[in-house]
Amino acid sequence: MTGATAERPSSGSIAVTFDDIVEAADALEGVAVKTPLLTNPALDERVGGRVLIKPECLQRSGSFKFRGAYNCLRQLDPDVRARGVVACSSGNHAQGIASSAKIFGMPATIVMPADAPQVKLERTRGYGATVITYDRATEDRDKIAAEICADTGATFVHPYNDPAVIAGQGTVGLEIAVQAKDLGVRLDDVLACTGGGGLSSGIALALANTSPETVFHTVEPQFFDDYKRSLEAGALLSNPAKSGSICDALLSESPGEIGFSILRQFAGEGYTVTDEQVLDAVAFAFSELKLVVEPGGAAALAALLSGKLDLRERTVGVVLTGGNIDPKMLFKAVSR
């Protein structure tokens, strides 16, 4: 099987191909949840079009991150696995790595911000991982992780700038294309919440090879739109702030190089949403879709509900990327 290939700008030897996504899908069969593609009349009426919902909030570990984490760890040699894995994450990659490491019997150490939602900290520890917390504003998580790897010989798995991780996340896009085809539906657009770009680039690459007429769109929190600005500028740009949005899962400092190289080829217009719009989306998902979605996982839905796209006579797919929400945040959303 052949298809479009995206390479990391700084190294032609680091690439993600459609074949990698297909291989990851085979490896994840029977391990990851093949989440359904859902419809909801209330949502269709609200936005004036047809929406197909991909609820990755129902995935193992509560988000799409399990796919990439498992796909990466499965490729490590047994002697490498024995030395463990290290990751940096605000919570969803943490849980994806921790749960996957548990499957393979690997020790896992996760470097997490001290202000991460308590539910994410607790669940990461619940999978058996060691959690090291740090201050987002004053400490360098990458330096902390590098020191742990140097001391233990553990393997570091980047949350989004890793070919195996991107290939695993790309299985979401592959499933969307296959499921839409099974429904006899032509997708005009697909939107996904975007942080570092591992999921978004994987989806975009999968769609480019399976549904090339479909336009993929990134969705980011207001003031943390490094992908939108980078794609418009044609160069990697960073966010000036490291915190300040309820979408903790999407607060990457800048796009990953590998994901950026893919999205600059295959992404359409990017969108941004406010925290207020995200809270409305969390509440709508809970009350109308009967799904529990965290703020970062609801950003793409927020773009639809706030009218970022004209959906008249169009069919759009939307990925709800995670459901690991703090109960207090959920109460804040639904009680508005």
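**Note on the overall form and pockets of the predicted model**

1. The accessible surface of the protein chain comes to about 13,300 Å², and carbon and sulfur atoms account for 49% of that area. The structure under review is a predicted model, and the values below should be read accordingly.

2. As to secondary structure, the protein chain contains 14 helices and 11 strands. Several of these helices reappear below, in the account of the pockets.

3. The overall dimensions come next. Along its principal axes, the C-alpha trace of the protein chain spans about 55 × 50 × 40 Å. For 336 residues, a compact globule would be expected to have a radius of gyration near 20 Å; the protein chain has 18 Å, so the value agrees with that expectation.

4. Burial and contacts may be taken together. Of the 336 residues of the protein chain, 57% count as buried, the criterion being a relative accessible area under 20%. Among contacts with a separation of 6 or more, 73% join residues that lie 24 or more positions apart in the protein chain.

5. Where is empty space left? In general, this is shown by rolling a probe the size of a water molecule over the atoms. In this model, the largest pocket has a volume of about 720 Å³. Its lining comprises 43 residues, and those closest to the centre of the pocket are Arg141, Pro159, Tyr160, Leu251 and Ser252.

6. Which helices each supply at least two residues of the lining of the largest pocket? They are α5 (92–104), α7 (141–152) and α9 (198–210). The largest share comes from α9, with 3 residues. By residue class, the lining of the largest pocket divides into 21 polar, 12 nonpolar and 10 charged residues.

7. The second largest pocket holds about 270 Å³ of space. It is lined by 15 residues, of which Ala25, Glu29, Lys34, Leu174 and Glu175 lie nearest its centre.

8. Two helices deserve mention for the second largest pocket: α1 (18–28) and α8 (163–182) each supply at least two residues of its lining. The most is given by α8, with 5 residues. The lining of the second largest pocket divides into 7 nonpolar, 3 polar and 5 charged residues.

9. For inspection of the model, the central residues of each pocket offer a starting place. Arg141 and Tyr160 are among the residues closest to the centre of the largest pocket, while Glu29 and Leu174 are among those nearest the centre of the second largest pocket.

Notes: Residues numbered from 1 in each chain as written. Predicted model: local features only at pLDDT ≥ 70, side-chain atom pairs only at ≥ 80, totals over all residues. Heavy atoms only, no water. 1 Å grid on protein atoms, 1.4 Å probe; cavity = no way out; pocket = protein on both sides within 12 Å on 5 of 7 lines; lining within 4 Å. Points joined across faces, edges and corners; volume = space filled by probe spheres on them. Helix = DSSP H or I, 4+ residues; strand = E, 2+ residues; numbered from the N terminus. Nonpolar A, V, L, I, M, F, W, Y, C, P; charged D, E, K, R; others polar. Rg over C-alpha atoms; globule rule 2.2 N^0.38 Å. Buried < 20%, exposed > 50% of the residue type's maximum accessible area, 1.4 Å probe, protein only. Contact = heavy atoms within 4.5 Å. Areas by Shrake-Rupley, 256 points an atom, 1.4 Å probe, with all protein chains shown as cover.
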